[in-house]
Amino acid sequence: MPEIRALRRLTDSLEHAGVLDKAVDTERSLVRALARPKALRQLLHGVPFGHPLHPLMVQVPLGAWISAAVLDLVGGKGNAKAAKTLVGVGLVSAGSASVAGYVDWSELDREQLRTGWVHQAVNWTGVTLYGLSWMQRKRGNHGSGKLLAFAGLTVVSVGGYLGGHLAYRQRAGVSRDGEVPFDA
């Protein structure tokens with residue numbers, strides 16, 4: 001499948017995109033400064049739980065947004081209100097998932113940092129689209145709210161693909177030494 005190979009080459013090219021380094025370094029310094037207390041970093045990394053929190057935490061916004069999409073497709077007045085609520089739940093929960101992701105990201109190597117930076121930029125674009133969707137729905141513009149939400153779902157799906165590339169292809173956050181020590 002030539003399309004899949006082209007997508008893979010494009011994704012792999014992010015690892016070597018040195019043009020991202022200034023933004024990566026600036027953001028990494030900010031994250032490290034804000035999450036300086038060791039106990040906070042360990043909690044956000046998921047050390048007390050034995051694995052990262054970010055992958056678990058992204059399930060809430062994604063689940064809310066996918067559920068909203070189903071309700072939008074089904075239609076109906078009650079579903080419109082429920083879909084707006086679910087878009088809001090996704091927005092609120094995306095913040096904490098992002099914080100955990102930023103802390104994990106700040107510890108990665110250069111190539112992983114580049115891919116992760118694009119991953120977060122794409123996801124924030126999706127979150128922005130969902131924010132606009134929620135505002136349109138609140139104003140009673142459900143048609144444009146739905147369109148913005150479907151655009152947001154498409155964008156966060158690309159972000160999810162990049163997160164999968166980071167975790168599985170680049171092995172970000174995977175211990176090469178077996179089990180991660182509890183007090184790491």
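The legends below describe an overall view and several close-ups of a predicted model.

**Figure 1. Overall view of the chain, an all-α succession of helices in the pattern α-α-α-α-α-α-α-α.** The chain contains 8 helices and 0 strands. Its radius of gyration is 18 Å, close to the 16 Å that the globule rule gives for 184 residues, so the chain is as compact as a globular protein of that length. Taken along the principal axes, the C-alpha atoms fill a box of roughly 55 × 45 × 30 Å. Of the 184 residues, 39% count as buried.

**Figure 2. Close-up of the stacked rings of Trp65 and Tyr130.** The model has 2 aromatic pairs. In the pair shown here, the ring centres are 4.1 Å apart and the planes meet at 5°; the pair counts as stacked because planes under 30 degrees apart fall in that class. Trp65 belongs to helix 5 (residues 59–74) and Tyr130 to helix 7 (residues 110–138), so the contact ties together parts that are 65 residues apart in sequence. Both rings come from residues with little accessible area: Trp65 is buried at a relative accessible area of 3%, and Tyr130 is buried at 1%.

**Figure 3. Close-up of the edge-to-face pair formed by Tyr102 and Trp105.** The ring centres lie 6.4 Å apart, with 80° between the planes. Tyr102 and Trp105 are both in helix 6 (residues 77–105), where a spacing of 3 residues separates them by about one helical turn. Tyr102 has a relative accessible area of 18% and is buried, because the class takes in values under 20%. Trp105 is also buried, at 4% relative accessibility.

**Figure 4. Close-up of the salt bridges between helix 2 and helix 7, with Arg114 and Asp21 as one of the pairs.** Side chains of opposite charge can pair when their charged atoms come close. The structure holds 7 salt bridges. In one of them, the side chains of Arg114 and Asp21 meet at 2.8 Å, N to O. Arg114 lies in helix 7 and Asp21 in helix 2 (residues 21–34), so this pair ties together parts that are 93 residues apart in sequence. Arg114 is buried, with a relative accessible area of 11%. Another salt bridge joins Asp25 to Arg110, whose closest N and O atoms are 2.8 Å apart. This pair also links distant parts of the chain, with Asp25 in helix 2 and Arg110 in helix 7, 85 residues apart. Asp25 is partly exposed at 32% relative accessibility, and Arg110 is partly exposed at 30%.

**Figure 5. Close-up of the salt bridge between Asp72 and Arg137, with the charged network of Figure 4 for reference.** The side chains of Asp72 and Arg137 meet at 2.6 Å, N to O. Asp72 is in helix 5 and Arg137 in helix 7, so the salt bridge ties together parts that are 65 residues apart in sequence. Both Asp72 and Arg137 are buried. As for the residues of Figure 4, salt bridges that share partners join Asp21, Asp25, Arg110 and Arg114 into one network.

**Figure 6. Close-up of Gly140 in the loop between helix 7 and helix 8.** Gly140 has a relative accessible area of 42% and is therefore partly exposed. Its C-alpha atom is 9.7 Å from that of Ala80, and the two residues are 60 residues apart in sequence.

**Figure 7. Close-up of helix 8 (residues 142–169) and Tyr161, which is found in this helix.** The unreviewed UniProt entry annotates residues 147–168 as "transmembrane region". In the model, residues 147–168 are 100% helix and 0% strand, and the end C-alpha atoms of the span lie 31 Å apart. Tyr161 is partly exposed, at 34% relative accessibility. Together with Leu7 and Leu10, Tyr161 forms a nonpolar patch on the surface, with about 270 Å² of accessible area for the three residues together.

Key
Residues numbered from 1 in each chain as written. Predicted model: local features only at pLDDT ≥ 70, side-chain atom pairs only at ≥ 80, totals over all residues. Heavy atoms only, no water. Patch = residues over 30% accessible without salt bridge, like charges linked within 9 Å, V, L, I, M, F, W, Y side chains within 5 Å. Areas by Shrake-Rupley, 256 points an atom, 1.4 Å probe, with all protein chains shown as cover. Helix = DSSP H or I, 4+ residues; strand = E, 2+ residues; numbered from the N terminus. Buried < 20%, exposed > 50% of the residue type's maximum accessible area, 1.4 Å probe, protein only. UniProt positions renumbered as here; feature names shortened; annotations may be inferred. Phe/Tyr/Trp six-rings, centres within 6.5 Å; stacked < 30°, edge-to-face > 60°. Rg over C-alpha atoms; globule rule 2.2 N^0.38 Å.
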